[in-house]
Amino acid sequence: KLRDEKNEYYTLLREQSRMELFFERIDDGVQKIINKKNRILPSPIVLDANSNELFSAFADCHFGVEFCIKGFNGEIINQYNREIFEQRMIKYRDELIDFGKLHNVKKLSLVDLGDSIEGLIHLGQLKALRGNIVDDILDYTDFIDDWLFSLGEYFYIDFYTSEGNHSDLRLLTGKKGDFPHENLEKIYARTLKKSFKNNPNVNICDSLDGLNYFNVNGYNFLTAHGNNENNLKLSIKEYEDLYGISVDYFIV
């Protein structure tokens, strides 16, 4: 019995140490990215009684995927790559800024609903991935870091991240949920938190295993990627009972 208990303890300790070393290596690379930016911090956004608050979300960026579907005459029916992702996000940012100016919005609750990175949940994805997933998570984080910084010149932002199923690393068994702690979006959230720790206008919020709960204009929002939800109405009741909360909107 004692030997079995020791073996179980050492297994847990080895797993924890492996992840700590992994995050230390990531932090070293992240710090180099942060140091090269040399940004001038913006002036704090002043929230007043006349300003409005906005909720917005985006999902399923699948950064790292490249594909091009062509028709019988060589025309492009559908296409996606890094450049298209960046174009869409810049358009989205500009629309948020224009909407904010039009409606006097000073605070923005913004959620990345997950599947930010394509990840590697099965070997077939290798055919669609542009490069390696380590570069992809750092490149995606680098882009969102700049994207959020530019938004922070116009809004005070509470930014929430999620943990999508495509961002899992199922390198050993390929089975869903075998290693829930090995999710690329944990690295993404961790990196943004380090980058914006001194920025007065961007707050990177902690999630509870990919779940986020917050209030906007008097309404309680619960957000998740949604891959674990089979019945949204039933899920709302289960989350309310489990955590003792009241949910007005469940965004997945």
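**Group meeting: a walk through a predicted model**

Let me begin with helix H5, which covers residues 232–243, because it lets us check a simple expectation: at 1.5 Å a residue, its 12 residues should span 16 Å, and the C-alpha atoms at its two ends are indeed 16 Å apart, so the two values agree. Please keep in mind throughout that this is a predicted model.

Staying with H5 for a moment, we can look at both of its ends. At the start, a side-chain oxygen of Asn-231 comes within 3.2 Å of the backbone nitrogen of Lys-233. After the helix comes Gly-244, and the phi angle of Gly-244 is positive, near 65 degrees.

Now let me step back to the whole protein. How many helices and strands does the protein have? There are 5 helices and 9 strands, and if you follow the sequence from start to end, they appear in the pattern α-β-β-β-α-β-α-β-α-β-β-β-α-β. Of the 252 residues, 42% are buried. The protein exposes about 14700 Å², and carbon and sulfur atoms supply 52% of that area. As for how the chain meets itself, if we take the contacts with a separation of 6 or more, then 75% of them are between residues 24 or more positions apart.

Next, the charged pairs. The structure holds 11 salt bridges, and I would like to take you through a few of them. In one of these, the side chains of Asp-146 and Arg-39 meet with a distance of 2.5 Å from N to O. Asp-146 lies in helix H3, residues 133–151, whereas Arg-39 lies in the loop between H1 and strand S1, which is residues 52–58, so this pair ties together parts that are 107 residues apart in sequence. Both partners are partly exposed, Asp-146 with a relative accessibility of 39% and Arg-39 with a relative accessible area of 26%. The pair also belongs to something wider, since Arg-39, Asp-145 and Asp-146 are linked in a network of salt bridges.

Another residue to follow is Arg-82. Which residue within its own helix does Arg-82 pair with in a salt bridge? The partner is Glu-86, and the closest N and O atoms of the two are 3.3 Å apart. Both residues lie in helix H2, residues 82–103, and they are 4 residues apart, which is about one turn of the helix. Glu-86 counts as partly exposed at 24% relative accessibility, and Arg-82 is partly exposed as well, with a relative accessible area of 26%.

Arg-82 also forms a salt bridge with Asp-139, where the closest N and O atoms are 3.2 Å apart. Here Arg-82 is in helix H2 and Asp-139 is in helix H3, so the pair ties together parts that are 57 residues apart in sequence. Asp-139, too, is partly exposed, with a relative accessible area of 24%.

Let me turn to two polar residues, beginning with Asn-220, which is found in strand S8, residues 219–223. Is Asn-220 buried or exposed? Its relative accessible area is 17%, and because the cut-off for buried is under 20%, Asn-220 counts as buried. Its side chain makes a polar contact of 2.8 Å with the side chain of Asn-215, and another of 3.4 Å with the side chain of Tyr-213. If we leave aside neighbours within four places in sequence, the residues in contact with Asn-220 include Phe-214, Ser-246, Val-247, Asp-248 and Tyr-249.

The second polar residue is His-225, which sits in the loop between S8 and H5, and which is buried with a relative accessible area of 13%. A polar atom of the His-225 side chain lies 2.9 Å from the backbone oxygen of Leu-113, and the side chains of His-225 and Asp-115 are joined by a polar contact of 3.2 Å.

Finally, let us go to the surface. Tyr-9, Tyr-10 and Leu-13 form a nonpolar patch there, and together they have about 310 Å² of accessible area. Tyr-9 belongs to helix H1, residues 2–35, and at 48% relative accessibility Tyr-9 counts as partly exposed, because the word exposed is kept for values over 50%.

How values were computed: Residues are numbered from 1 along each chain as its sequence is written. This is a predicted model: local features need pLDDT of at least 70, side-chain atom pairs count only at pLDDT 80 or more; totals for chains, interfaces and linings use all residues. Side-chain values use heavy atoms; hydrogens and water are left out. The expected span of a helix is 1.5 Å times one less than its number of residues. A polar contact is a pair of N or O atoms within 3.5 Å; within protein, one must be able to donate a hydrogen and the other to accept it, and residues adjacent in sequence count only if both atoms are side-chain atoms. Patches are made of residues with over 30% relative accessible area and no salt bridge: like charges are joined within 9 Å, nonpolar side chains (Val, Leu, Ile, Met, Phe, Trp, Tyr) within 5 Å. Accessible areas come from the Shrake-Rupley method with a 1.4 Å probe; for residues, only the protein chains shown count as cover. A salt bridge is a side-chain nitrogen of Lys or Arg within 4 Å of a carboxyl oxygen of Asp or Glu. Buried means under 20% relative accessible area, exposed over 50%, partly exposed in between (1.4 Å probe, protein chains only). Contact means heavy atoms within 4.5 Å.
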